Amino acid sequence: MQMIHFLTQAKKSTYASGTKYKISSTKPNSIDYHYEKDNYIYHDTYFGSREFYGEEIVYLDNKPIWHMKYKGRLINHELTDVYDKILKPALKKVDEELPIRGPKEFIFEDYKYTFEINGSINKFEGIEKIYRRDKLVYELICYGGKL
């Protein structure tokens, strides 16, 4: 239960918050976020913007205990406000029982965010989508679980 609470706080505090806990690149051209509390460490590294790939890892006492891999893309490249306008606010509403991505559904202005997940915190796969006026403009797939 402590790991789930930690992961929830880490997700709200890093990418979803904007630049808070953003650190120097750990690999060439990577974007990295790092959050620590008590004996836990969360690290998120991704590459790209319109097409992107990344990985989140949770450590306990410096040993990896949980991970998530993700790949996403902005389908409509003209909608550069998607990340700040709908994605980050949706991710701030991460499900506190299953803190993988955002809520099942979130609507803001003419955008609709959805996240479907199969599994548990120990083993899961999911798909995240953003629609603008009912047209798909962004999608992400993810999978992961306990290590």
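Begin by selecting tyrosine 15 and tyrosine 33, both of which are buried in what is, it should be kept in mind throughout, a predicted model. Show the two rings and they can be seen to form an edge-to-face aromatic pair, with 6.1 Å from centre to centre and 90° between the planes. The pair joins distant parts of the chain, since tyrosine 15 belongs to the loop between α1 and β1 (22-23) while tyrosine 33 is in strand β2, 18 residues apart.

Next, move to tyrosine 46 and phenylalanine 52, whose ring centres lie 6.5 Å apart with the planes at 70°, so that this pair too is edge-to-face. Tyrosine 46 has a relative accessibility of 13% and therefore counts as buried, and phenylalanine 52, with a relative accessible area of 9%, is buried as well.

Now widen the selection to Tyr15, Tyr33, Tyr46, Phe52, Tyr70, Tyr83 and Tyr138, which form one aromatic cluster. Over the whole structure, a search finds ten aromatic pairs.

Two members of this cluster also have a charged side chain over the ring. Add lysine 88 to the view, and it appears over the face of tyrosine 15, at 4.9 Å from the ring centre. Then add arginine 101, the charged end of which sits over the ring of tyrosine 70, at 5.8 Å from its centre.

Keep tyrosine 15 and lysine 88 on screen and turn to the largest pocket, which holds about 430 Å³ of space. Of the 28 residues that line this pocket, Tyr15, Tyr46, Tyr83, Leu87 and Lys88 lie nearest its centre. Colouring by secondary structure helps here, as the elements that each give two or more residues to the lining are β2 (31-37), β3 (40-48), β4 (51-60), α2 (82-91) and β9 (135-146). The greatest contribution comes from α2, with five residues. Coloured by residue class instead, the lining of the largest pocket shows 15 nonpolar, six polar and seven charged residues.

The next selection is α2 itself. How many of the ten residues of this helix are buried? Seven of them are, so α2 is largely enclosed by the rest of the structure. The buried residues of α2 are Val82, Tyr83, Ile86, Leu87, Lys88, Ala90 and Leu91; Lys88 is thus both buried in α2 and placed over the face of tyrosine 15. To see what covers the buried residues of α2, display the surrounding strands, including β4, β5 (63-74), β6 (105-108), β7 (111-120), β8 (123-132) and β9.

From valine 82 in α2, draw a distance to leucine 7: the C-alpha atoms of these residues, 75 residues apart along the chain, are separated by 24 Å. Leucine 7 lies in helix α1 (residues 2-13) and, at 0% relative accessibility, counts as buried. Which residues does leucine 7 touch, once those up to four places away in sequence are set aside? They are Tyr42, Val58, Trp66, Pro99 and Ile121.

The last stop is threonine 8, likewise found in helix α1, which at 2% relative accessibility counts as buried. Leaving aside neighbours within four places in sequence, threonine 8 is in contact with Val94, Asp95, Glu96 and Pro99. Pro99 is therefore a useful residue to leave selected at the end, being listed among the contacts of leucine 7 and among those of threonine 8.

Terms used
Residues are numbered from 1 along each chain as its sequence is written. This is a predicted model: local features need pLDDT of at least 70, side-chain atom pairs count only at pLDDT 80 or more; totals for chains, interfaces and linings use all residues. Side-chain values use heavy atoms; hydrogens and water are left out. Helices (H or I, at least four residues) and strands (E, at least two) are DSSP runs, numbered from the N terminus. Buried means under 20% relative accessible area, exposed over 50%, partly exposed in between (1.4 Å probe, protein chains only). Contact means heavy atoms within 4.5 Å. On a 1 Å grid over the protein atoms alone, a cavity is a set of points where a 1.4 Å probe fits but cannot get out, and a pocket is an open set with protein on both sides within 12 Å along at least five of seven lines; lining residues have an atom within 4 Å of a point. Grid points are joined across faces, edges and corners, and a volume is the space filled by probe spheres set on the points. Ala, Val, Leu, Ile, Met, Phe, Trp, Tyr, Cys and Pro count as nonpolar, Asp, Glu, Lys and Arg as charged, and the others, Gly among them, as polar. Rings of Phe, Tyr and Trp (its six-membered ring) pair if their centres lie within 6.5 Å; planes under 30 degrees apart count as stacked, over 60 as edge-to-face and the rest as tilted. A charge sits over a ring if NZ of Lys or CZ of Arg is within 6 Å of the ring centre and within 35 degrees of the ring normal.
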